[in-house]
Amino acid sequence: MSHPLSDMLGTTMDKIRAMVDANTVIGEPIVLPDGVTILPISKVSFGFGSGGSDFAGKSTAAGETPFGGGAGAGVTIQPVSFLIVKGETVRMLPVAAPASGALDRLVEMLPDLADRLSELLKKDKDQTTDAGN
């Protein structure tokens with residue numbers, strides 16, 4: 001026979017498990033008409049507490065000791081970023097405030113900088129090829 005506190009904890013954990021799954025962290029994809037797919041990414045934090053007590057010295061008609069207890073849980077879901085997929089390109093668009101340090105900003109800018117540099121080199125190559133004909 002299980003103790004009521006164990007049953008209470010088990011029920012609480014089952015409810016939390018039902019609320020927090022992979023779709024909570026990485027949301028359902030949003031597909032736009034132009035072929036761009038957006039995936040919302042969230043940070044999920046949760047906590048719970050429970051407690052109870054047997055009331056010694058008293059007993060029920062069945063001879064069991066009375067039990068009193070309670071449980072509570074809290075969940076926080078905070079949007080963090082969006083993954084934007086367009087063809088072969090994947091970009092991350094942060095939701096949070098921009099990075100404060102120069103190095104952090106540089107790291108965030110690298111993917112865009114690499115794309116622009118690649119486009120510039122491709123245009124230059126195309127113009128050189130066209131001029132040679």
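**Exercise 1.** Is Ile77 buried, partly exposed or exposed in this predicted model?

*Solution.* Start with the relative accessible area of Ile77, which is 48%. Buried means under 20%, and exposed means over 50%. Ile77 is therefore partly exposed.

**Exercise 2.** Place Ile77 in its strand, then list which residues it touches, leaving out those up to four places away in sequence.

*Solution.* Find the strand: Ile77 lies in strand 3, residues 67-86. Next, take the contacts: Ile77 touches Thr24, Ser42, Lys43 and Val44. Now check Lys43. Ile77 and Lys43 are 34 residues apart in sequence, yet their C-alpha atoms are 5.8 Å apart in space.

**Exercise 3.** Work out how strand 3 is joined to strand 2 and to strand 4.

*Solution.* Take strand 2 (residues 37-54): 18 bridges join it to strand 3, and the two run antiparallel. One bridge pair to locate is Gly52 with Gly69 of strand 3. Turn to strand 4 (residues 89-94): 6 bridges join it to strand 3, again antiparallel. Here Leu83 has Met92 of strand 4 as its bridge partner. Finally, look at the turn. Strands 3 and 4 form a hairpin with 2 residues between them. Gly87 in that turn has a positive phi of about 65 degrees.

**Exercise 4.** Give the strand order of the sheet, name the edge strands, and place helix 1.

*Solution.* The order is 1-2-3-4, in an open sheet of 4 strands with antiparallel pairing. The edges are strand 1 (30-31) and strand 4, since each pairs on one side only. Helix 1 (residues 4-19) lies across strand 2 and strand 3. Helix 1 runs at about 170 degrees to strand 2.

Definitions and conventions
Residues are numbered from 1 along each chain as its sequence is written. This is a predicted model: local features need pLDDT of at least 70, side-chain atom pairs count only at pLDDT 80 or more; totals for chains, interfaces and linings use all residues. Side-chain values use heavy atoms; hydrogens and water are left out. Buried means under 20% relative accessible area, exposed over 50%, partly exposed in between (1.4 Å probe, protein chains only). Contact means heavy atoms within 4.5 Å. Two strands pair if DSSP finds at least two bridges between them. Axes are lines fitted to C-alpha atoms, for helices over the stretch in contact, and angles run from 0 to 180 degrees between N-to-C directions.
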